[in-house]
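Open the model in a viewer and keep the selection panel at hand. The tour goes from one selection to the next.

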Amino acid sequence: MAMERGTAADIAPNPSAGQPLRSIFADLHVHIGRTSRDEPVKISASRSLTFRSIAHEASERKGVGLVGVIDCHSPAVQRDIQDCLDSGEMEEAEGGGIRYRDTVILLGCELEVMEPGGGPYHLLAYLPTFEAMQGWTAWMAPRMKNVNLSSQRLRTTAREVQTELLARGGKLVPAHIFTPHRGLLGCSADRLSDRLELEGIAAVELGLSADTAMASRLSQLDRYPFLTNSDAHSTGMIGRECNELVMAEPTFEEWVLALEGRDGRGIAANIGLHPKLGKYHTTYCASCKQAVGEEADTEAVCPRCGSQRLVRGVAGRIEQLADRGAGEGDVSVVSPSAQLPPSANPPHSPQQSHPPKHPPKRPPYRQQVPLKFFPGVGPKLLDRLLAGLGTEMDILHRLPIEAIAAVAGEKLAKQILAAREGKLELESGSGGTYGRIRGDQ
């Protein structure tokens, strides 16, 4: 169904066309827990996650210049957005999105589809303008039980969603694609083409338990850029996974250019958790209530108790689907260390330890351990770190260890250095429980 208003073509010409390109951190999957009127949106998310608090956290504490809020379809959230626009606190950005200080919010929606032959899975839909998102809400409302809530199931097919979204100038991204709960390749199908038209997919989101090397073992994903996003359910988790984009400025229009690698824009790096820290990295036995261990990740029954009640981990699922051996589709997976440029630096060519084999031009994956994963980092210490040192991205990637030690102490500073160098020992996450830093390091 073609739309007359709100498409990407209707956005005013972007004045950034002649601007120099720069590096921008982007986290494109953040939930809203409640509205400013205390109305529920994402039931499992923090009540403190509001449209305003996300914008403030991303801009002032995290250093994330482009943030995708994926509950903007909710009419209750749209009232908050309108309040922010009416007050002058925020404004619609030329090129698409809502601008707050140094950060632009992409208007997104996470929805659920279930089709014969597979389990329910999530899709991320992004729209260029507030008006386009309101039109998307009007289309979805009669097809779902409660349009005010997040990640609700639509009574339609993924292909119909795709057709309607693209007609409105939107972009579609399968969410956390390998996870055993709500991942398209994790629980619904073996191939993207089983559910979607391939040319209508803008990118794929890896999820917290996979990295580029793992995903590159599937040749069916070669044509798509990878995104690493936080899926944050609390403000502190914003930016735990993000993307380093080369853009003129953070807008919807520039983001599309970056995904397509046009006009010098692109993805310089995917920055994500070490896959072992993700909640579904290894297979879990629902009977034993324990991880089965990576050596039995693809087994049909639990080697401990013989139960078939297994929650297939991301590593095991990729092993089942892969048409390349480990390393054949590999690209550089590196610790961030000093390889992230200072925010004022010009764009750079992604650094890689060896050229990627499949496909060419795949950016490196830089492993990251967010501050909240370090033992002893609670709210008070986190506030002290941010107040004394700057944004979390600066602390994790850019600041000298000596400066961190002066505020946080030698032990935490050494752990952050070990994380930068990829030397932390980790225990794998499984069955919905995050992995963790092992022992007293």
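**Around helix H11**

Begin with the surroundings of H11: the cover over its buried residues includes H9, helix H10 (392-397) and helix H12 (410-420). This is a predicted model.

Next, select residues 401-408, which form H11, and colour the buried ones: Ile 401, Ile 404, Ala 405 and Ala 408. Turn the view to look down the axis of H11; the buried residues fall within an arc of 100 degrees, so they line one face of the helix. The spacing fits a general rule: an α-helix has 3.6 residues a turn, so residues three or four places apart point the same way.

Now go to the other side of H11 and select Glu 402 and Ala 406, which are exposed.

Add residues 379-389, helix H9. How far apart are the axes of H9 and H11, and at what angle do the two helices pack? The axes are 10 Å apart and the angle is about 130 degrees. Angles that are neither under 35, over 145 nor from 65 to 115 degrees count as oblique, and therefore H9 is oblique to H11. The crossing of H9 past H11 is right-handed.

Show side chains for the contact. From H9, select Arg 384, Leu 385 and Leu 389; from H11, select Ala 403, Ile 404, Val 407 and Ala 408. Sorted by class, this contact of H9 with H11 has six nonpolar residues, one charged and no polar. Ile 404 and Ala 408 were also selected earlier as buried residues of H11.

Finish just after H11, at Gly 409, where phi is positive, at about 100 degrees.

Definitions and conventions:
Residues numbered from 1 in each chain as written. Predicted model: local features only at pLDDT ≥ 70, side-chain atom pairs only at ≥ 80, totals over all residues. Heavy atoms only, no water. Axes fitted to C-alpha atoms, helices over the stretch in contact; angles between N-to-C directions. Helix = DSSP H or I, 4+ residues; strand = E, 2+ residues; numbered from the N terminus. Left-handed = near helix turned anticlockwise from the far one by under 90°. Contact = heavy atoms within 4.5 Å. Nonpolar A, V, L, I, M, F, W, Y, C, P; charged D, E, K, R; others polar. Buried < 20%, exposed > 50% of the residue type's maximum accessible area, 1.4 Å probe, protein only. Arc of directions from axis to C-beta.
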